Amino acid sequence: MRPIARAAIGLSVVITPLVAGCSSSDSAKRAPSPITLVAYDSFPTKDTALNAALDEFAQSTGIKVTVVTAGDAGTMLTKARLTAGNPEGDVMFGIDSTQLSAAIDDNVFAPYQPNGSNAISMNLASMVPGHELTPVDFGDVCINYDKEWFATNGIEPPGNLADLTKPEYKDLLVVENPSASSPGLAFLMATIAEFGDGWTDYWAQLRANGVTVVDGWDAAYYEDFSGAAGSTGDRPLVVSYGSSPPAEVIFADPPRTDAPTAVVDSTCFRQVEFAGVLRGTKHETEARQLVDFLVSSRFQSELPLGLFVYPARTGVALPEEFTKYTVVPTKTLSLDPATIAANRQKWQDEWTDIVLR
Amino acid sequence: MDRHRAALNRLPRSFVVVLATAPALFIVGFYAWPVVNLIWSTTRRTTAGSPFRHTTTIVWFTLWQAVVSTVLTLVAGLAPAYVLARYSFTGRRALLAMATVPFVLPTVAVGAAFLALLPDSWHGTARAMILAHVFFNVAVVVRLVGSMIAVIPHDLVGAARTLGANAAQATRLVLLPLLAPALWSAAAVIFLFSFTSFGVATLLGGPTHPTLEVEIARRATQLGDVRGAATLSIAQLVMLAVVIVWATRRQRRSALELTGATGSRRPRGRREQAFVVTVAVATVLAIGAPMAALVARSFDTGRGWSLAGWTKLGTAEVRPGVGLGVDPLASIGVSLRFAVVAALIACAIGFLAASAIAASPRLGRLLDTGLMLPLGTSAVTVGLGLLITFDVSPFDWRARWWFIPLGHALVAVPFVVRSLLTVLRTIPSDLHAAAATLGAAPIRAWWHVDARALRRPLLAGAGFSAAISLGEFGATTILTRSGRETLPIAINRLLGRSGGLPRAQAFAVATILLALTTVVVMVSGVSERLGSDRA
């Protein structure tokens, strides 16, 4: 007995300081950890007002934020679903309303109701009753056209979705792949909202009419669309945002007073973007603080000119340049979230068969 | 001789078991268990199964492009194989290296090279894919069939001609039956590589021509349909197993013993010289053209010639603050780090395994077969199995820095084992006996004799593993994490953009990857061992 007792005492002498060492370093007031914000490709990683806002956040809280881009929003979410519980970062920004159900069903996010969530517009907040995600902004996905191209070629711009299958618009449209891209998926939803079961025929006709498909919005807008400043593209029609025309004016160099592009009003689909704490993050406290910041007035006021979207928070003043060139569509197309949840994957598969195979 | 050696200085059985433990755990833990788990997951996961309407079309396409690739490669490879096996001429070694190196080049870099070479109308077509498959696999014909041609006695065909056969008859009745076993095994290898083609199929076939492998990856990484992907993976695994078993049988049935090597000679007469020169020039052009096009296009940003593709690597922006979503310079570091780790893992496991296999024939055969299994499995399947198996604590290793290199090592280990075994089996047993006479215990003798002899083949194995890791695309596509992209992933993402600058950058990065791989292969002496080791 005695040797065992002695061994036990010896062991406890060795272990106690170790354990104590652990707990004391845990309880000690430690510096906040730097965290990673995972976002889609077109989220700026440096040098913009949005990044300046994130730097301010770092200064006031001590939490440094690194932005990692993870492809277009569709790719980003799939990756998040495959890594659920062991995420690539701490907070994810840019999950949109068409992907909401997949993100929630696969348990990608740790529910959190941020400080300041009462200031978020009610109809947006009600989309996530379980608080898995927090609405940050919204906008419209619409067909954009290059005004100059249509003027030079003496062709009327299309007036609605059905027009796009007409011969005069052959080989003019570029869209994003709905399996990889968030605006691509929104546009597919727009066509389903417009044509119902006839959407498959519509896309077959679009294909016959020479639609081009690329994987992401960046590539479609800046590399294939002819209307974007500095673009080498030659297609005058693109799936982009209702707020893309003001972006063209604001970024114009040399400055200009009117937008070189415009939106086809009747083709718009309302899209809400969300952020959330990724389940499995080792820095939950810091991650939550960042989500608080994303819906704070400070960050929300940068969204219109930073990402060209409307802030989800009510009472945020919109800059004049933004409101002046943004067309608010008279009516937007929409689909019931439950219908989207039940059919999204089936639609993506059917779309791939019709358009790509 | 073996018995003599066994009696004199045999390794203790327990030591062999110790040697075999790590490789056995490695293959069971990181290959067998994930594959079992994959099969199990197809019944367990609850993702809404979507209709596989076009699965038959995809299987059919995968199959026919693989058959066409195989036949064309055999046809294209015969002439260089013949010339390299039969004739000695200045530059023969260089030509041999040039014809065999493509086999270890990264699929994504070669895919990019063909995108650079072929006109836009060929992009996204089956013929572009098939052409690249031929480019890769001519090496297999040169090595496998070439080594057979080298041992067919010259006078056999001559005898047939003397007996009244014309050239065609002599070829059909004498040459082909003799070459049959080599042709079949070459065909099997080429078919397997073309059937599971991923990098080439992704880049050159495009979304309109998916192979099974591409569809599996698309389901998993774009749709998040793991169950659908796993189902297709299992189906592909079964098809591959059928082909491998059939090919092995076929090869055994037509196996022939040939004795007496005949060696090569200088081409005689005008016609032979013209033949050799034509074949050599054609081979050099066919292999050099895609490389040259790749380098040239990295200077073409769509607005004339420019250095922007190189100078703006990692800094190009699409609008203020928004980059291209991938950092090519950082990915060089990531790739190199992964290559070193993969090589270390593969060499450690391969060294232990080869030693155990050489020491114990019975235990060895089992281990050898087990370690070969990942080769008969598609890379995407290996990645998918790892991803869905190691996702639960305390085995949640998806974010660990060694996880992706470990996947690379799974594919590399069999090559390291082959490379080591060839040497181990040629160590004269006298050396062990001599060591014993000088008083060395078996384990000490093993360390001084065997382990030492393995230095050069280990270096080659490390080089081969590094080359595989640098170019690996299938498993990496599944396991990659944002902000830690490897070179092939970076190239693929840049090629997904249609602008002139991203494309020039993609070609520049592919050039870097090609250069890195070539250097690794040359320095480690892999190119000299490519033939029998890889077969």
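Trainee: How many bridges join strand 5 of chain A to strand 10 of chain A?
Mentor: This is a predicted model. In it, strand 5 of chain A and strand 10 (residues 269-278) of chain A run antiparallel. One facing pair is Phe138(A) and Val272(A), the latter in strand 10. The number of bridges joining the two strands is seven.

Trainee: Which residue in strand 8 of chain A is the bridge partner of Cys142(A)?
Mentor: Strand 8 of chain A covers residues 237-241 and runs antiparallel to strand 5 of chain A. Five bridges join these two strands. The partner of Cys142(A) in strand 8 is Ser240(A).

Trainee: Which residue of strand 9 of chain A stands opposite Asn144(A)?
Mentor: Strand 9 of chain A, residues 261-263, is joined to strand 5 of chain A by three bridges, and the two run antiparallel. Opposite Asn144(A) in strand 9 stands Val263(A).

Trainee: What is the bridge partner of Asp137(A) in strand 11 of chain A?
Mentor: Strand 11 of chain A, residues 310-311, pairs with strand 5 of chain A in the antiparallel sense, over two bridges. Within strand 11, Asp137(A) is matched with Pro311(A).

Trainee: Why is strand 5 of chain A said to be largely enclosed by the rest of the structure?
Mentor: Strand 5 of chain A runs over residues 134-146. A residue counts as buried if 20 or more other C-beta atoms lie within 10 Å of its own. Strand 5 is called largely enclosed because the number of its 13 residues that are buried is 13.

Trainee: On which residue is the kink in helix 15 of chain A centred?
Mentor: Helix 15 of chain A spans residues 337-355. The kink in this helix is about 55°. Its centre is Asn343(A).

Trainee: Which helix of chain B do the buried residues of helix 15 of chain A pack against?
Mentor: The buried residues of helix 15 include Ile340(A), Trp347(A), Trp351(A) and Val355(A). Within chain A, the buried residues of helix 15 pack against helix 4, helix 7, helix 8 and strand 7. From chain B, the element they pack against is helix 10 (212-223).

Trainee: Which element of chain B supplies the largest share of the side that touches chain A?
Mentor: In total, 33 residues of chain B are in contact with 42 residues of chain A. Helix 10, strand 1 and strand 2 of chain B each supply at least two residues of the side that touches chain A. The largest share is three residues, and its source is helix 10 of chain B.

Trainee: How many charged residues are on the side of chain B that touches chain A?
Mentor: By class, this side of chain B has nine nonpolar and 16 polar residues. The number of charged residues there is eight.

Notes. Residues are numbered from 1 along each chain as its sequence is written. Chains are lettered from A and ligands numbered from 1 in the order in which they are written. This is a predicted model: local features need pLDDT of at least 70, side-chain atom pairs count only at pLDDT 80 or more; totals for chains, interfaces and linings use all residues. The bend at a residue is the angle between axes fitted to the seven residues ending there and the seven starting there. Helices (H or I, at least four residues) and strands (E, at least two) are DSSP runs, numbered from the N terminus. A residue is buried if 20 or more other C-beta atoms lie within 10 Å of its own, exposed if 12 or fewer, and partly exposed in between; C-beta atoms are placed from the backbone. Two residues are in contact if their C-beta atoms, placed from the backbone, lie within 7 Å. Ala, Val, Leu, Ile, Met, Phe, Trp, Tyr, Cys and Pro count as nonpolar, Asp, Glu, Lys and Arg as charged, and the others, Gly among them, as polar. Two strands pair if DSSP finds at least two bridges between them.
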